[in-house]
Amino acid sequence: MPARTLFEKVWASHEVVAETADTPAILYIDLHLTHEVTSPQAFTVLRERGLPVRRTDRTLATLDHSTPTDRAQLFGEVPIRLESARHQVEALERNAAAFGVELLGLKSDRRGIVHIIGPELGVTQPGKTIVCGDSHTSTHGAFGALAFGIGTTEVGHVMATQCLLQRKPKTLAVEVDGRLAPGVGAKDLILAIIGRLGVSGGTGHVIEYRGSAIEALSMEERMTVCNMSIEAGARAGMVAPDQTTFDYLQGRPRAPQGDAWEAALENWRALPSEPGASFDRVMQMDASEVLPMITWGTNPGMVVPVTGTIPASGDAVFQKSLQYMGFEPGQSMAGKPVDVVFVGSCTNARLSDLREVARVLRGRRVDKSVRMLVVPGSQQVKREAEAEGLHQVFLDAGAEWRESGCSMCLGMNGDTVASGRYSVSTSNRNFEGRQGTGARTMLASPLTAAASAVTGRITDPRELLA
Amino acid sequence: MEKVSTITSRSLVMSSTNIDTDQIIPARFLTTTTREGLGKALFADWRYDAEGQPRPDFLLNTPEAVGRTVLVAGRNFGCGSSREHAPWALVDFGFRAVISTEIADIFRSNALKNGLVPVIVDEDTHAWLIAHPGAEVTVDVERCVLSLPGNREVSFPLESFARYCLLNGVDELGFLLSRMPAIEEYERRGAK
Ligand code: SF4
């Protein structure tokens, strides 16, 4: 057998029926994660056809997208203010109960953003196929799983059959060698990669991130990288499982235990791409050249170093983006005023991200012109951060500290950025209106976000990390 | 799903590249629990002003837009989130085909499941279409051919099973359910 890639191995072991010229493969799905936004219409289809959720043991639901992040609404002391959000939350509660699906509901201490809780619980594991009606499902690929986002019709397919009809994607190796410099993180790396690949550079491909710089990343950092694969258009992103992966998973509540752990390890060790395995495309990067990055436009590929300048000229889309952002060609990004700083989302709301933010904020204050919101990715992250006293650092600095959820990553749960306001956000999308109608989003790392909160201007975090 | 074989319409052109799903339908409209009626939210932030009034200069608000079913869009249409609300909104508004040089993966998959035909064409054809808004075009799903005025024809790629499903109105769930014995057999062999 020719040398195979990680992706090819995971794909092959999940083919119920291989693809032919006429039909796509029937791909078995090990784990289906679901949330309140992209599931209601799928449950309706099951009801119309009289079908059950076939494998409730492989299905896990949570509430995150339209869920409020303030305590009183979340814990039912007052009703959820946004009526449409309340209906959606209630619909998932009803559907989960009716179909026997486990729901980490509003009051669950395991609730959180779907892509944060999977790894945290240990249900995200190497070699699995994982899907969710959410494009950032690519996050779970950090464990060497094949994880991708699907639409609601496909959510229904998985619920009813535990399978999907899929054509086999192509493979793209992103090889990153060298070391990230101090003050430069995984977020900067993935923004730099997207800047190089472009927002459609990965279309039709599954990316495998590899090379010494990737191997040196923690699991949290690998998740940040894989999370944004979709922003380069890729179907999924993967990293080969290694000791870092196993150490992260061991002892997690839903990871295999005892003999099952040993057996799993043996399987997982056989997953990495074999020497000589070929990819359809290869891209190379040197991590040591990456600088703190920030977006200046309205897609994640419109990105420059924090110390850089907006391009001097461009096409009509470039003009439209700049007009939306209220920027001029050729301007420096550093020093631009900031109104809102959002630390959160499935990209950067894990404990390690919050520690980075605290590193900058400790003993400092958020500038009085800035509203800063820190939203942990899960209730577990919240508890862990509080146990370390991180929340006190944020509160002392003048930031808000919330319950977990998607929050300002997308304007549908009550947390929004006002029209025309500038937001430095650790999330993953700077599309027009993403954080609220007319909101102007600049994507950056937790360090850059924190530094910019302190000065009230776009700031290279290395200036504050002496 | 309804059968789709040919679609003939004058085109509507939105030449911006990377039109993402947050533009096609902003997140605040995703709090529905049904599929219907999303056409009014299509391109909402471009289509309506702060008071919710239609902007007269936005393409979909112009008289030409009435009755047109083919959208010609800039490269990488439908990038961003997996929300199927995007094709639901386009179809509810009346669109039946989207033509571009590149269409994002998840959007394309979602579109096909809702009878919205994604048509990928070469740069030259695309440039011609962008330069000729309102051109009468026909999307022939059977032959995978896009016909342009002056008897010009260009072929476009369409995955064979997707084409079969469109032409015969087959829904994929029915197909998957019919393969249940193979799925059960896979599970007996020991799913991972
Ligand atoms: S945090 Fe943002 S990107 Fe992540 S799942 Fe929630 S809405 Fe999607």
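# Exercises on a predicted two-chain model

**Exercise 1. Size up the contact between domain 1 and domain 3 of chain A.**

Solution.
- Domain 1 of chain A and domain 3 of chain A together bury about 2000 Å², with carbon and sulfur atoms giving 57% of it. The model is predicted.
- Next, find the main contributors on the domain 1 side. A:Thr69, A:Ile113 and A:Ile116 supply 32% of the area that domain 1 of chain A buries against domain 3 of chain A, more than any other three residues.
- Now count residues. Domain 1 of chain A brings 27 residues to the contact, and domain 3 of chain A brings 25.
- The C-alpha centres of these two domains of chain A lie 28 Å apart.

**Exercise 2. Which residues form the salt bridge between A:Glu403 and its partner, and how far apart are the closest N and O atoms?**

Solution.
- Start with the count: one salt bridge is found across the interface of domain 1 and domain 3 of chain A.
- Apply the cut-off: a Lys or Arg side-chain nitrogen must be within 4 Å of a carboxyl oxygen of Asp or Glu.
- A:Glu403 pairs with A:Arg71, with 3.1 Å between the closest N and O atoms.
- Place the residues by the bounds: domain 1 of chain A covers 6-166 and domain 3 covers 293-465.

**Exercise 3. Describe the surroundings of the ligand.**

Solution.
- The ligand occupies the space of the largest cavity.
- List the neighbours. Among them are A:His65, A:His115, A:Asp134, A:His136, A:Cys346, A:Cys406, A:Cys409 and A:Arg434.
- Sort the shell by type: five residues are nonpolar, five polar and two charged.
- Assign domains. Domain 1 and domain 3 of chain A each give at least three residues to the shell.
- Link back to Exercise 1. A:Ile113 is around the ligand, and A:Ile113 is also one of the three residues named for the area domain 1 of chain A buries against domain 3.

**Exercise 4. How many salt bridges join chain B and chain A?**

Solution.
- Contacts involve 54 residues of chain B and 63 of chain A.
- The two chains bury about 4700 Å² between them, 57% of it from carbon and sulfur atoms.
- The count is six salt bridges.
- One example is A:Arg54 with B:Glu187, at 2.6 Å from N to O.

Conventions
Residues are numbered from 1 along each chain as its sequence is written. Chains are lettered from A and ligands numbered from 1 in the order in which they are written. This is a predicted model: local features need pLDDT of at least 70, side-chain atom pairs count only at pLDDT 80 or more; totals for chains, interfaces and linings use all residues. Side-chain values use heavy atoms; hydrogens and water are left out. A residue is near a molecule or strand if one of its heavy atoms lies within 4 Å of it. On a 1 Å grid over the protein atoms alone, a cavity is a set of points where a 1.4 Å probe fits but cannot get out, and a pocket is an open set with protein on both sides within 12 Å along at least five of seven lines; lining residues have an atom within 4 Å of a point. A molecule sits in a cavity or pocket if more than half of its atoms lie within 2 Å of its grid points. Ala, Val, Leu, Ile, Met, Phe, Trp, Tyr, Cys and Pro count as nonpolar, Asp, Glu, Lys and Arg as charged, and the others, Gly among them, as polar. Domain bounds come from an automatic or database domain assignment. Contact means heavy atoms within 4.5 Å. Buried area is the accessible area (1.4 Å probe) that two parts lose on being put together, summed over both.
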